[in-house]
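Hi everyone, thanks for coming. I have a structure to walk you through today, so let me put it on the screen.

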Amino acid sequence: MSVTQPPITRELFNEVILPIYAPAQFVPVKGQGSRVWDQQGNEYIDFAGGIAVMALGHCHPVLVEALQKQSEQLWHLSNIYTNEPALRLAQKLTAATFADRVFFANSGAEANEAAFKLARYYATNKISPYKTKIIAFHHAFHGRTFFTVTVGGQPKYSDGFGPKPADIVHVPFNDLDAVKAVIDDHTCAIVVEPIQGEGGVTPATPEFLAGLRQLCDQYQALLVFDEVQTGMGRTGKLFAYEHSGVVPDILTTAKALGGGFPVSAMLTREDIAQVMTAGTHGTTFGGNPLACAVAEASLDIINDSQLLDGVEQRHQWFIKALEEINQRYHLFAAIRGQGLLIGAQLTPEYAGRLREIIQAAAEQGLLVLSAGSDVVRFTPSLIISEQDVQQGMARLHQAIAQVMG
Ligand SMILES: Cc1ncc(COP(=O)(O)O)c(C=O)c1O
């Protein structure tokens, strides 16, 4: 006798999920390219892509095939054994970057946790047991483990959980003098996002990054680039550090790495990696064959000059359309970002209406994100079509017209 299951509704969220999110009132059930459909069959154009995750859109056929193929071969064995997809992916990531060694994990926070632990381990083992200070920036975001959220520059996310990891100093972003005022021989690392994503889509200036590099060299500290959001083609280069020419010592990436399959990586040089030995760090799922097979397929597609050039072209489409909207409504004080990490900052007059704009957009059939308290953020697929951009922007226009009354 078949048992009828009760319907799955948005209301169920309020009963069974830890109340740490406030998801939209509709429940998406299907995605294809840059389009998403909800339970009622309503269609949305996706300018969010998760949160900068779906770099190749939803259900890209090559990724689907990679996942299907691997799912029939080997799902998991743990790091007691290595596996071919992880080795292939690590080989390709090191070939494409400054790095020689890779640590795989499952989320951005875990990659950063590994990076911060490595920076401290390296400094305390190689130079001095007192070399533990980490310099980070106001409004930075590095994840939600207790170490990473404390290195993040928003105390509201780390307050209330008891004693925090110590010896972490925060200074204003893009302010080199502020860094000079706190850096010393006890500093093991400076941690920075080349473009602050969650903090409001704020790019670091090339001079700032060059200055951080110079200070790290001077004080024997490691420069850590958190490219969890900016990595994997998001800015029009495979990694954002390539724009500035400033090469980090450690780089973390996640979000788009698996095109929607959870996987992250920490990349570093051989001389730094050598400080770690068997047992100093680890994870059950990191380097999982399914995740690495999808990430390899994703990297193969993204690390291509034509695709990366296309990101810049799409950036222009977005900027042009946003400027047109702004000419009409004057609600953006600034439109900024790089590649397909774009933020439109609301003027103080409209800053309090960010939620309303995002909700109105959804009602018009468009998914967009917030960043910080007053920025509308766009992180679409890197291969979104011109038609989807135009249609999505028409929907944004309508949503803004609705909000402006
Ligand atoms: C720059 C940056 N670092 C780290 C993280 C944390 O990644 P995850 O949520 O996968 O742990 C994020 C997520 O938004 C991020 O944008």
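I'll go through the ligand site, then three residues, and then the pocket and cavity search.

Before anything else, please keep in mind that this is a predicted model.

Let's begin with the ligand. How many residues surround the ligand? There are 13, and the closest are Gly-108, Ala-109, Asp-226, Gln-229 and Lys-255. Let me point out three polar approaches. An oxygen atom of the ligand sits 2.8 Å from a polar backbone atom of Gly-108. With Lys-255, the partner is in the side chain: an N or O atom there is 3.2 Å from an oxygen atom of the ligand. And for Phe-141 we are back to the backbone, where a polar atom lies 3.2 Å from a nitrogen atom of the ligand.

I'd like to stay with Gln-229 for a moment, as Gln-229 is one of the closest residues to the ligand. You'll find Gln-229 in the loop that runs between strand S10 (222–226) and helix H10 (241–244). Is Gln-229 buried or exposed? Its relative accessible area is 7%, and the cut-off for buried is under 20%, so Gln-229 is buried. The side chain of Gln-229 makes a polar contact of 2.6 Å with the side chain of Arg-377. If we set aside neighbours within four places in sequence, the contacts of Gln-229 are Ala-52, Gly-197, Glu-198, Arg-234, Lys-255, Leu-341, Arg-377 and Thr-379. Notice Lys-255 in that list; we just met Lys-255 beside the ligand.

Next, Thr-148. This residue belongs to helix H6, residues 146–151. Thr-148 has a relative accessible area of 0%, so it counts as buried. Which side chain does the side chain of Thr-148 make a polar contact with? The partner is the side chain of Thr-145, at 2.7 Å. Beyond four places in sequence, Thr-148 touches Ala-109, Asn-112, Glu-113, Phe-116, His-142 and Gly-143. Ala-109 may sound familiar, as Ala-109 is also among the closest residues to the ligand.

A quick stop at Gly-211, in helix H9 (residues 206–218). Gly-211 is buried because its relative accessibility is 9%, and buried here means under 20%. Gly-211 and Lys-180 are 31 residues apart in sequence, and their C-alpha atoms are 9.5 Å apart in space.

Now for the open spaces. The second largest pocket has a volume of about 860 Å³. Its lining has 31 residues, and Asn-79, Arg-101, Val-102, Phe-103 and Phe-104 lie nearest its centre. Which elements each supply at least two of the lining residues? They are helix H4 (84–96), strand S4 (101–105), helix H5 (108–126), strand S12 (264–268) and helix H11 (270–273). H4 gives the largest share, with 5 residues. Sorted by class, the lining comes to 13 nonpolar, 15 polar and 3 charged residues.

Finally, the enclosed space. The search of the whole structure turns up 1 cavity of 30 Å³ or more, and the largest cavity has a volume of about 40 Å³. Residues lining this cavity include His-76, Leu-77, Ser-78, Asn-79, Thr-284, Phe-285 and Pro-289. By class, the cavity lining has 4 nonpolar and 8 polar residues, with no charged ones. One residue links our last two stops: Asn-79 lines the cavity, and Asn-79 is also among those nearest the centre of the second largest pocket.

That's my tour; thanks for listening.

Note on methods: Residues are numbered from 1 along each chain as its sequence is written. This is a predicted model: local features need pLDDT of at least 70, side-chain atom pairs count only at pLDDT 80 or more; totals for chains, interfaces and linings use all residues. Side-chain values use heavy atoms; hydrogens and water are left out. On a 1 Å grid over the protein atoms alone, a cavity is a set of points where a 1.4 Å probe fits but cannot get out, and a pocket is an open set with protein on both sides within 12 Å along at least five of seven lines; lining residues have an atom within 4 Å of a point. Grid points are joined across faces, edges and corners, and a volume is the space filled by probe spheres set on the points. Helices (H or I, at least four residues) and strands (E, at least two) are DSSP runs, numbered from the N terminus. Ala, Val, Leu, Ile, Met, Phe, Trp, Tyr, Cys and Pro count as nonpolar, Asp, Glu, Lys and Arg as charged, and the others, Gly among them, as polar. Buried means under 20% relative accessible area, exposed over 50%, partly exposed in between (1.4 Å probe, protein chains only). A polar contact is a pair of N or O atoms within 3.5 Å; within protein, one must be able to donate a hydrogen and the other to accept it, and residues adjacent in sequence count only if both atoms are side-chain atoms. Contact means heavy atoms within 4.5 Å. A residue is near a molecule or strand if one of its heavy atoms lies within 4 Å of it.
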